[in-house]
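This report describes one protein chain and the DNA strand beside it. Please look at the sequence and the structure before reading on.

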Amino acid sequence: MNGKQITKLGFERKAIGLALSAATIRERAGLERSAILSELRAVQADPAAYLAGGVYAELAVELNAQNTLNESRMGAALSPSPLPYGVWGADLIEPGASAQMDVAMRLPIARAGALMPDAHVGYGLPIGGVLATENAVIPYGVGVDIGCSMRLSVFPMRPDAVKVEEAQSLLLKHTRFGAGVAFEKRERDDHEVLHESTWQDQPLLRHLFDKAASQIGTSGSGNHFAEFGTLTLTSADLGLEAGEYLALLSHSGSRGFGAQVAGHFTGLAERLHPNLDPAARKLAWLPLDAEEGEAYWQAMNLAGRYALANHELIHARLARALGVRVLASVHNSHNLAWKQQINGREMIVHRKGATPAESGQLGLIPGSMADPGFVVRGRGHVEALSSASHGAGRQLGRKAAANKLVKKEVAAYLKERGVTLIGGGIDEAPQAYKRIEDVIARQSELVDVVAKFTPRVVRMDSGSEDI
DNA sequence: ATGTAC
């Protein structure tokens, strides 16, 4: 009897050695190999029956423990009913998003959750969904654009100190938008995140390094933007006097690098859970105490830092071009998972399109290309898992927006508000979004408004259909 | 959101 025959039966880790020792004892007792193999199969099929004693007891104990662990980690069955969770702005949330959140709250690893007023349907967890799990991380609980984030810089300038034409040319010169887009080699900036040793820790990260290095400092497509506008502070805050300032607001993520990390690990998670209820397939998780979960955690956090580095470079380039230093700045990630203590236990809090809002924590909640965004301060609401919305949230899906909205009306909306737009697809029209004022009003328990940002010159990806 | 495919 050898190890190869034992592993062929499906024994794993410590059980291989224990099965081998037991088999050796049975061989010495004069049993045929085929008889021993059938005994091993019987122990494997029902370890509980062999726990009491005998030559297979130790093996049975180990198999029993492995089964229990596998069930708790990989458990395929959903609870019949979802755990209760808080909803803010239920009147603004489509039924599909609530249905997705219900499925998430039936996962065996789910412990708590909340739904923000900008919620709408996404892959797996809805956008605007917050989910706390224990010892597990869900790649699609974070989303495709890992580390997608916001950054605001306030400049020591009057809002009108930079004319529209100048703002346009600055944005065109110093930002890059679109799927697959990178900076031209001679324009490429460097950042300390590219010098982290983390890139060498996983074959996947090594493989994606060149793409990440080529795309650093860029913005993506879809709802990503960089815009100049007016920051209005009605009272002193952020270390600034009350008043109006020129400011830059950006929305960007981890580009192709993060998307490939997300794709890789969600595939891995799905393969680890072949029997997961189909309703929850896109919510497949990775155990955090397993190699796969640890690897995702490391890659996810690197993508989070990389996304913030993109913003830093965008803001540094534009501040340098303006010849000013930044007076104040705020940033936050809104697609990420964090370790957070809940009821004295360490949980993994996934925020997929949700702003962290611990008590006193600053965050940015944008409206749309032509509607105001808000600097907010978290109130640390326990049932909301210290979270808030990440924006206004879609009212119309991309296709619905393209079918329903008329370019002329979108142009009129922009003109009325004095917004100049570079790029921007019809699917990103302000009319495709919920009213940001409503969304902010629904979360007064979650955040306090600190300041208002009114966009003036906006750059987005051209998309498939320009406005 | 990504960028052209287990």
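In this predicted model, a polar side-chain atom of R398 in chain A lies 2.8 Å from a phosphate oxygen of DNA strand B. Helix 8 (203–215) and helix 9 (255–272) are the elements that give two or more residues to the surface near the strand; helices (H or I, at least four residues) and strands (E, at least two) are DSSP runs, numbered from the N terminus. Helix 9 gives the most to this surface, with three residues.

Two further short distances involve the phosphates of the DNA, and the table lists them together with that of R398. A polar contact is a pair of N or O atoms within 3.5 Å; within protein, one must be able to donate a hydrogen and the other to accept it, and residues adjacent in sequence count only if both atoms are side-chain atoms.

| Residue | Part of the residue | Distance to a phosphate oxygen of DNA strand B |
|---|---|---|
| N223 | polar backbone atom | 2.4 Å |
| R255 | N or O atom in the side chain | 2.8 Å |
| R398 | polar side-chain atom | 2.8 Å |

In total, 16 residues surround DNA strand B, and the closest are V144, A179, G180, S221 and N223. A residue is near a molecule or strand if one of its heavy atoms lies within 4 Å of it. Of the atoms of DNA strand B within 4 Å of the protein, 68% belong to sugar or phosphate, and the rest to bases. By class, the surface near the strand has four nonpolar, eight polar and four charged residues. Here Ala, Val, Leu, Ile, Met, Phe, Trp, Tyr, Cys and Pro count as nonpolar, Asp, Glu, Lys and Arg as charged, and the others, Gly among them, as polar.

R255 is found in helix 9. Its phi is near 55 degrees, a positive value in a residue other than glycine. R255 has a relative accessible area of 10% and is therefore buried (under 20%; exposed is over 50% and partly exposed is in between, with a 1.4 Å probe and protein chains only). N135 also has a positive phi, near 50 degrees. N135 is found in the loop between strand 3 (127–133) and strand 4 (136–137), and at 35% relative accessibility it counts as partly exposed.

Which residue does UniProt list for "active site"? The unreviewed entry gives H390; UniProt positions are given in the numbering used here, feature names are shortened, and annotations may be inferred rather than shown by experiment. H390 is found in the loop between strand 15 (387–389) and helix 11 (398–404), and is buried, with a relative accessible area of 12%. Not counting residues up to four places away in sequence, H390 touches D118, I127, H334, G353, A354, T355, I365 and P366, where contact means heavy atoms within 4.5 Å. The side chains of H390 and D118 are joined by a polar contact of 2.6 Å.

As a whole, chain A has 13 helices and 17 strands. Buried residues make up 54% of its 467 residues.

Residues are numbered from 1 along each chain as its sequence is written, chains are lettered from A and ligands numbered from 1 in the order in which they are written. Local features need pLDDT of at least 70, side-chain atom pairs count only at pLDDT 80 or more, and totals for chains, interfaces and linings use all residues, while side-chain values use heavy atoms, with hydrogens and water left out.
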